[in-house]
Amino acid sequence: MRVTIKDVSRVSGVSIKTVSRVLNKERYVGEETRAKVEAAVAELNFRPNVAARSLAGRRSFQIALICDNPSPYYVYEMQSGIRDRCVADGVRMIAQPYDRNSTTLLDDIENLVDATHVDGLILTPPVSDYPHVLDLLQRRGVRFVRVSPGSALDLAPSTFIDNAAAAATMTAHLLSLGHRRIGFIAGHPSYATSGQRLQGYASALGQQGIAFDPVLVREGSYDFASGAAAAAALLSLAEPPSAVFASSDDMAAGALTTAHRYGLSVPGQLSIAGFDDTALAGFVWPPLTTIRQPTRQMAYQAADLLLAPAHAPVERREVGYELIVRESTGPAATQ
């Protein structure tokens with residue numbers, strides 16, 4: 001038979017109302033009482049019924065992820081991190097893809113809120129910086145958490161990495177290998193992270209006394225095809241770069257394919273680096289040197305912020321990045 005909240009109340013020796021308060025993560029429950037309830041929940045393998053909990057209070061016990069990212073690896077990691085956090089609270093995650101260029105974006109988000117009565121939204125780039133979306137949610141009183149925002153940072157809780165510092169770290173790595181002419185494939189300008197990573201690249205060059213050369217920068221769209229096209233443009237220059245740093249692993253994989261098509265040895269004749277450390281970075285040949293962006297951890301922290309008490313102060317949680325060196329980068333070829 002299905003275990004009910006009455007069973008948890010009986011085993012823990014506290015009232016049904018107190019059990020409900022513990023399950024809903026409400027304040028002013030003693031630690032000893034909370035421990036009794038949690039022990040009973042574990043012993044009975046109790047799984048709260050979302051529909052019943054929704055009827056009992058004002059919460060729906062559902063949150064939604066609003067995502068538009070050309071990388072399926074990024075989306076998967078984002079969903080996985082949010083699910084990991086939601087499980088602990090018995091909350092359901094709804095993943096809502098969107099098209100950032102859609103003329104019905106606002107209506108789509110508002111319809112989602114009305115149809116599901118979600119307790120909050122997690123916004124990923126670039127919608128996490130769309131003023132009209134942020135205004136809509138504030139006007140409707142819908143809680144939201146932003147992933148990697150680039151503006152109005154005190155508006156709502158957020159999670160992020162230091163993109164500029166991470167890009168500077170990768171550029172410094174390439175410089176340490178003797179590369180002085182480094183091509184850079186930027187992300188789409190609608191993403192705040194694109195400008196931040198470009199800034200980090202330029203900053204690292206400047207620290208070594210190397211002038212920023214816009215000819216060595218090409219714009220991509222965080223996908224394979226744009227990375228391949230941008231690399232082709234860079235390698236067609238009269239003086240091509242000896243290394244290419246792409247703002248995502250998908251674009252770096254595209255650049256790697258272009259290098260192979262041009263008959264270039266990687267990293268013997270051309271070093272290629274990426275950003276994210278998605279599963280793709282280890283699938284391509286040679287495996288990509290990249291920046292590990294802990295997407296799943298950022299997602300987990302975003303969900304944790306959204307599930308925190310509503311009165312909690314606005315908090316920005318920074319997670320760390322890591323330089324991952326693999327076989328796609330090596331010393332600059334001697335002239």
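**Figure 1. The enclosed cavity of the predicted model.** In this predicted model, the count comes to 1 cavity of 30 Å³ or more, and the largest cavity has a volume of about 160 Å³. Its lining is made up of 13 residues, of which N69, Y74, R197, D276 and Q293 lie nearest the centre of the cavity. Sorted by kind, the lining residues of this largest cavity divide into 5 nonpolar, 6 polar and 2 charged.

**Figure 2. The chain as a whole.** The chain holds 13 helices and 12 strands, and its C-alpha atoms fill a box of roughly 80 × 40 × 35 Å, taken along the principal axes. Of the 335 residues in the chain, 51% are buried, while the area that the chain exposes is about 15,400 Å², with carbon and sulfur atoms supplying 53% of it. Among the contacts in the chain with a separation of 6 or more, 72% are accounted for by residues 24 or more positions apart.

**Figure 3. Two nonpolar cores.** The largest nonpolar core has 64 residues, and those with the most contacts inside it are I63, I82, I122, I182, I185, F245 and I272. Apart from this core lies another one, of 20 residues, which includes Y98, L105, V113 and V133. In soluble globular proteins, nonpolar side chains tend to be buried together.

**Figure 4. The surroundings of I63.** When neighbours within four places in sequence are left aside, I63 is in contact with a set of residues that includes I82, C86, V91, R92, M93 and I94, together with V118, G120 and I122. Also among the contacts of I63 are A303, L306 and L307.

**Figure 5. Two cis peptide bonds in loops.** Most peptide bonds are trans. The bond from V266 to P267, however, is cis, with omega near 10 degrees, and P267 is found in the loop between α11 (249-261) and β9 (271-273). The peptide bond from W285 to P286 is also cis, with omega near -10 degrees, and P286 has its place in the loop between α12 (280-283) and β10 (290-292).

**Figure 6. Positive phi at N45 and D277.** Most residues other than glycine have a negative phi. N45, which lies in the loop between α3 (31-44) and α4 (50-56), has a positive phi near 55 degrees, and with a relative accessible area of 53% this residue is exposed. D277, placed in the loop between β9 and α12, likewise has a positive phi, near 60 degrees, but D277 counts as buried because its relative accessibility is 17%, under the 20% cut-off.

Notes
Residues numbered from 1 in each chain as written. Predicted model: local features only at pLDDT ≥ 70, side-chain atom pairs only at ≥ 80, totals over all residues. Heavy atoms only, no water. 1 Å grid on protein atoms, 1.4 Å probe; cavity = no way out; pocket = protein on both sides within 12 Å on 5 of 7 lines; lining within 4 Å. Points joined across faces, edges and corners; volume = space filled by probe spheres on them. Nonpolar A, V, L, I, M, F, W, Y, C, P; charged D, E, K, R; others polar. Helix = DSSP H or I, 4+ residues; strand = E, 2+ residues; numbered from the N terminus. Buried < 20%, exposed > 50% of the residue type's maximum accessible area, 1.4 Å probe, protein only. Contact = heavy atoms within 4.5 Å. Areas by Shrake-Rupley, 256 points an atom, 1.4 Å probe, with all protein chains shown as cover. Core = buried A, V, L, I, M, F, W, Y, C linked by side-chain atoms within 4.5 Å.
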